[in-house]
Amino acid sequence: MDERKSKGQFFTPKTISEFMVRQYNNLHNKDEIKILDPGAGIGIFESTICDMLISKSKRPIITFDIYENDENILPYLKKNMRICKKKMEESGFEFSYRVYCDDFIIRNSRFFKRDPAEIGKECFYDYVISNPPYYKIRKSSPSAKDLEVILKGQPNIYILFMALSAKLLKERGKLVVITPRSYCSGPYFSNF
């Protein structure tokens, strides 16, 4: 528990994952879907999305970009994604995924300051689903320095996940995130 808390790592229960995926009410109506999960854990959102799509008649092309930097969890995530891919392909889907064993913020912060026209279509997502880590970070940390334009006071890592995820959405894309109740109250979040 102490290690999870120090990493800000709190796994999403299945019922919450199902609720979050239901927020994508038009997910199954598209021809092609690109989804980002910036802190995938073991891949509960990915499994839930796949289960939901299998129950529908349309078979969109699906691409997941998923991040997880906890090496203890990566084997479970990779196994889960192999199972998802097999199930989806057996159900007639074209399915691909990339697992990034990197820090989501550091790897993608360069996109935050760039004009969307410069980023290119390959970097934009139709959907972002996330249960970001939750812990305070120092303003001197690499993540905070990369996105300092949105920080004020004592920053929390989840606000960086939310801001960068929103930046990587396509126009009319949809972001569904687990947040604490206080996520936009007070001066800490005024820049966000």
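Is Arg98 buried, exposed or partly exposed? I started the notebook with that one, and Arg98 turns out to be partly exposed, with a relative accessible area of 40%. A note to self before going on: this is a predicted model.

**Entry 1: overall layout**

I went through the elements next. The protein has 8 helices and 5 strands. Read from the N terminus, I get the order α-α-β-α-β-α-β-α-α-β-α-α-β. I also looked up burial for the whole protein: 44% of its 192 residues count as buried.

**Entry 2: the sheet**

I wanted the strand order, and it is 3-2-1-4-5, in an open sheet of 5 strands with parallel pairing. Strand 3 and strand 5 (169-177) are at the edges with a single partner strand each, so each has one side without a neighbour in the sheet. On average, neighbouring strands of this sheet are turned by 15° against each other, direction ignored. Background I jotted down: strands of a sheet pair through backbone hydrogen bonds, in either the parallel or the antiparallel sense.

**Entry 3: strand 1**

How many of the residues of strand 1 are buried? I find 5 of the 6 residues in strand 1 (residues 32-37) buried, so the strand is largely enclosed by the rest of the structure.

Then I checked its partners. With strand 2 (residues 61-67), strand 1 pairs in the parallel sense over 6 bridges. I picked out two of the contacts: Lys34 has Thr63 as its bridge partner in strand 2, and Asp37 has Ile66. Strand 4 (residues 125-130) also runs parallel to strand 1, and 2 bridges join them. There I noted Leu36 standing opposite Val128 of strand 4.

I also traced the connection from strand 1 to strand 2. Together with helix 3 (residues 44-54), these two strands make a right-handed β-α-β unit.

**Entry 4: helix 2 against helix 3**

Where helix 3 meets helix 2, I looked up the geometry. Their axes come within 9 Å and cross at roughly 55°. That angle makes helix 2 oblique to helix 3. The crossing of helix 2 and helix 3 is right-handed.

**Entry 5: salt bridges**

I count 8 salt bridges in the structure. The general idea is that side chains of opposite charge can pair when their charged atoms come close. I followed up three of the pairs.

Back to Arg98 to begin with. Which side chain meets that of Arg98 in a salt bridge? I found Asp65, at 2.7 Å from N to O. This pair links distant parts of the chain, since Asp65 sits in strand 2 and Arg98 in strand 3 (residues 95-100), 33 residues apart. How does burial look on the acid side, buried or exposed? Asp65 is buried, with a relative accessible area of 2%, while the 40% I noted for Arg98 puts that residue in the partly exposed class.

The next pair is in helix 2 (residues 14-22). Glu18 forms a salt bridge with Lys14, and their closest N and O atoms are 3.1 Å apart. Glu18 and Lys14 are 4 residues apart in the helix, so about one helical turn separates them. I looked up accessibility for both: Glu18 is partly exposed at 29%, and Lys14 is partly exposed at 44%.

The third pair I checked is in helix 4 (residues 74-90). The side chains of Glu89 and Lys85 meet in a salt bridge at 2.7 Å, N to O. What separates the two along helix 4? Glu89 and Lys85 are 4 residues apart, which means about one helical turn. For accessibility, I have Glu89 as partly exposed with 41%, and Lys85 as partly exposed with 27%.

**Entry 6: helix 8**

Last lookup of the day. How many residues of helix 8 are buried? I get 9 of the 11 residues in helix 8 (residues 157-167), so to speak a mostly covered helix. The buried ones in helix 8 are Ile157, Tyr158, Ile159, Leu160, Phe161, Met162, Ala163, Leu164 and Ser165.

Note on methods: Residues numbered from 1 in each chain as written. Predicted model: local features only at pLDDT ≥ 70, side-chain atom pairs only at ≥ 80, totals over all residues. Heavy atoms only, no water. Buried < 20%, exposed > 50% of the residue type's maximum accessible area, 1.4 Å probe, protein only. Pairing = 2+ DSSP bridges. Right-handed = clockwise from strand over helix to strand, strands pointing away. Salt bridge = Lys/Arg side-chain N within 4 Å of Asp/Glu carboxyl O. Axes fitted to C-alpha atoms, helices over the stretch in contact; angles between N-to-C directions. Parallel < 35°, antiparallel > 145°, perpendicular 65-115°, else oblique. Left-handed = near helix turned anticlockwise from the far one by under 90°.
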